[in-house]
Amino acid sequence: MTGQPYVEELRADALDVLILPIREALDVYDLGADPEITPRAMPLLKADAEQLLLDVRAGEIKTAPANVAGLIQEMTTAAHLTKTTEGWLALASTYRTAYDVATKLGFGDLASIALSRMDWAAEHASDAVVGGIYRYMRALTYLRSGQYRTGDRLVAMGLSVLGQAEPDREREAVLGQLHLGAAVMAGRAKDAGRAEEHLAEAGRIAEGTGEAVDVHWLSFGPTNVAVHQVSVYAELDQYDEAARTGKQIAMPREWPASRRSHHYAELARAQMWDGDLEGSFANLLRARKAAPQQAKYHPTVRETYSGLEGAKRRMPDSFLSYGNWLGI
């Protein structure tokens, strides 16, 4: 539906050759420890896994895929050797990064495989919070494919799984993020009432957590609730409200570049449909400035740029160079 993966652009950026090693790394999850691999100490592996999560959130789409396959291989052996909760959770983190990379580059089948591996590792760790995150991310895959009913069922499962976790800030942040995902899902299904219910519940939770940006790097908090309100307005075809609300959001300094870029892309789309073409292109430029590698492969960026092409005579000279950069 989105035209992804953008094969020619991936090949030009030498990203296509990084996909096969990720596939191969995901395929050895149940083979036990590799006798030819001597893993480093767990603190070093965990630090690398955390750094990959940060790379993705910084919009470093080239760095993460270059490093994640090797780390998955090493972490798989370490987890099988130690058989500790710490090891399984660290392995789940690397699978999550593989999911992030596959999603951002448009490889939906690979993203689904990475998620199933993440769930497998979370079950070995007996961690309800990571199990909830898995169901949130899996629900997003159904959101992208338009299967909202299945996505809703996964959200319900995620909420149920989180009921088994300790009632702390960590659990609350994941609960809130599940409600945000459900809100966008309801918006795409044109169910405004349910979308507002989920947004209201997420807002209530955010009042208690505050800006929980670093809690599993979900960026949950009042700002993310506001950003998802913009997405819901856009999904409900209320583009004037989406554009008005989006322009009023002040993002915290600690907000990841990837989230900033995504918001600017969503706002640009809303402004295009609202008739503010110059404002729309200005936010496409902001999306590129915030996270250029991510923006280049973001389907909303490409969709919005293509929508603005009919008015390119009214655009600045930089509009054409932006299209060349995208490969359109």
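Ala, Val, Leu, Ile, Met, Phe, Trp, Tyr, Cys and Pro count as nonpolar, Asp, Glu, Lys and Arg as charged, and the others, Gly among them, as polar. With these classes, the lining of the second largest pocket in this predicted model has nine nonpolar, two polar and seven charged residues. This pocket holds about 410 Å³ of space. It is lined by 18 residues, of which Glu50, Leu53, Leu89, Ser93 and His216 are the closest to its centre. Helices α3, α5 and α7 each supply at least two lining residues. The most comes from α5, with six residues.

The largest pocket has a volume of about 1,500 Å³. Its lining comprises 50 residues, and Thr103, Leu140, Arg144, His262 and His298 lie closest to the centre. By class, 19 are nonpolar, 20 polar and eleven charged. Several helices each supply at least two residues of this lining, including α3 (42–57), α5 (85–105), α7 (128–144), α11 (222–235) and α13 (257–274).

Helix α11, one of those contributors, is mostly covered. Twelve of its 14 residues are buried. Among them are Thr223, Asn224, Val225, His228, Tyr233 and Glu235. The buried residues of α11 pack against α9, α10 (192–209), α12 (239–247) and α13. The length of α11 was also examined. At 1.5 Å a residue, its 14 residues should span 20 Å, and the end C-alpha atoms are 20 Å apart, so the two values agree. After α11 comes Asp237, with a positive phi near 65°.

How values were computed:
Residues numbered from 1 in each chain as written. Predicted model: local features only at pLDDT ≥ 70, side-chain atom pairs only at ≥ 80, totals over all residues. Heavy atoms only, no water. 1 Å grid on protein atoms, 1.4 Å probe; cavity = no way out; pocket = protein on both sides within 12 Å on 5 of 7 lines; lining within 4 Å. Points joined across faces, edges and corners; volume = space filled by probe spheres on them. Helix = DSSP H or I, 4+ residues; strand = E, 2+ residues; numbered from the N terminus. Expected span 1.5 Å × (residues − 1). Buried < 20%, exposed > 50% of the residue type's maximum accessible area, 1.4 Å probe, protein only. Contact = heavy atoms within 4.5 Å.
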